[in-house]
Amino acid sequence: MNRPLRHIAIFCGLLVLGLLLRVNWLQHVDRQELAQHEKNARVRFERFATPRGDIIVGGKAITGSKETESRDYAFRRTYKDGPMYAPVTGYASQARGTSLLERTYDSILSGQDDRFAFRHAKDVLTGQPRRGGDVITTIDAKAQKAAYKGLTDLGARGAVVALDPRTGKVLSLVSTPSYNPEVFAGITFKESERFTALEKKKGKPLANRPLRETYPPGSTFKILTAAAALEHGVVTDVDARTDAVSPYPLPLSSDRIGSEAGDAVCSKASMKTAMQYSCNNVFLDAAVELGEDRMRETAEKFGFNEDVYADEFGDMLATKSLYPPKLDKPGTALTGMGQGSLTSTPMQMAMVTAALANDGKLMQPYIVDELRGPDLSTLEKNEPMEMSQAVSPETAEKVQEMMEHTAKEGSAQRALIDGVTVGGKTGTAQRGVNVRDEVPYGWFVSYGKKDDGRSVAVAVFIDPTDMDISRSDISGGRLGAPIAKSVMQAVLGD
């Protein structure tokens, strides 16, 4: 054989060897991944071949399955109060796949989990159809309804997160405007068009604002600044007057920052008074005294710059809230009042509030209480898990004292509830480069405690872009506090 033919023969042999290796790799290494890949038609057919298990809130199913006339997709997903629960359930669509809890626990809900193998073998012998398991959530139905009604009555883009401070259970997770996952649950062209229309809608109904969107937290962040100042000894007496003048001269800048309450109230005010009236100068000065490293250290103990899940794993990951690196003095000062390049999800601010209400102990948020098999047996049971001791109990107690004073005597009075100890903090966050041309965001964070030990922490975020409201009427206390109050009442009411 001459040299060219020999080279061609060797090349062809290598190609055949490569194909054989690839085939074996696909069959033995990638087999499981390909078998479960969402774009595998067989996976989609299997997912909707039988009724899916249900997502449960308060002992009642908020999902269901309806038989279709399709040969390949025998059942389609249905939803009860779909828009209200969409940020929790996500969707299970024959055409669009799955998201959120429907995605994270797809193998359980579709009955394809390996733990069901024995059960399915028994069903085959008895002629029973395959059945999926159920996902039992921590959501409080009354709190979810109160949060959703509060935001929709305002006609606002917004979010509400409510947590049990002692355990980390997610009691409410709401985003508005929302969508009904049922309208595109099928495979038809019309349903595909509905999904596309939702994607293009100005109000971003498909957005999960509690988990996936970040915003400047504004003055609600002052509770964290106060905690940092107390924890590091920059402030030792919350009732003592400070040296922070108002308007406050921003370091290395000609800018002077005032406060809505006025210079007479805020100049050299104590930290408790500054919290009560949301004076910027005291918190700007505290951040400067702390410096960026100690501010960042405290923020990170509360969960900033970390991956935070509303569930242990899967598709419930929140966008990371950021206390940015390499800040100069002006940038550090601005974070003290929740502005500058600082960003937070509503979930993160609920976590900060919950940790302070829980004597400084930050619990891992979780939204699934239990996974059950088709026979109602428990497959998994989630237990509370501590993330960190963000600040000492003594520091947390002092911040609680200030937040409760703010609720009784200051800007958070609209959240007060008879028979409940309430602490709160309002927030108005500027956005954009030209802040005078952009409507600000409204924030409100609060906690409620009862003598029997029950408690709840709430974060309310409001984007008034679509609201018919004057700029002067946009404040967390005016818009967010009544919503927080209704959620706390729903959780703590007898």
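Helices (H or I, at least four residues) and strands (E, at least two) are DSSP runs, numbered from the N terminus. This is a predicted model, where local features need pLDDT of at least 70, side-chain atom pairs count only at pLDDT 80 or more, and totals for chains, interfaces and linings use all residues. Residues are numbered from 1 along each chain as its sequence is written, and side-chain values use heavy atoms, with hydrogens and water left out.

**View A. Arg296 pairs with Asp293 in helix α14.** Their side chains form a salt bridge (a side-chain nitrogen of Lys or Arg within 4 Å of a carboxyl oxygen of Asp or Glu). The N to O distance is 3.5 Å. Both residues lie in α14 (residues 280-301), three residues apart, about one turn of the helix. Arg296 is buried, at 13% relative accessibility. Asp293 is exposed, at 56%. Buried means under 20% relative accessible area, exposed over 50%, and partly exposed in between (1.4 Å probe, protein chains only).

**View B. Lys149 meets Asp153 in helix α8.** The salt bridge spans 2.7 Å, N to O. Four residues, about one turn of the helix, separate the partners within α8 (residues 141-154). Lys149 is partly exposed, with a relative accessible area of 49%. Asp153 is exposed, at 55%.

**View C. Asp164 bonds to Arg166 and also lines a cavity.** The Arg166–Asp164 salt bridge is 3.2 Å, N to O. Asp164 is buried, at 8% relative accessibility. Arg166 is partly exposed, at 41%.

**View D. The second largest cavity holds about 50 Å³ of space.** A cavity is a set of points, on a 1 Å grid over the protein atoms alone, where a 1.4 Å probe fits but cannot get out; lining residues have an atom within 4 Å of a point. The volume is the space filled by probe spheres set on the points, which are joined across faces, edges and corners. The lining includes Leu163, Asp164, Pro165, Met351 and Lys361. Helix α16 (346-357) and strand β14 (361-363) each give two or more residues to this lining.

**View E. Ile10, Leu14, Leu17 and Leu21 form a nonpolar surface patch.** Together they have about 410 Å² of accessible area, from the Shrake-Rupley method with a 1.4 Å probe, where for residues only the protein chains shown count as cover. Patch residues have over 30% relative accessible area and no salt bridge; nonpolar side chains (Val, Leu, Ile, Met, Phe, Trp, Tyr) are joined within 5 Å, like charges within 9 Å. Ile10 sits in helix α1 (residues 3-28). Ile10 is partly exposed, at 48% relative accessibility.

Conventions
On a 1 Å grid over the protein atoms alone, a cavity is a set of points where a 1.4 Å probe fits but cannot get out, and a pocket is an open set with protein on both sides within 12 Å along at least five of seven lines; lining residues have an atom within 4 Å of a point.
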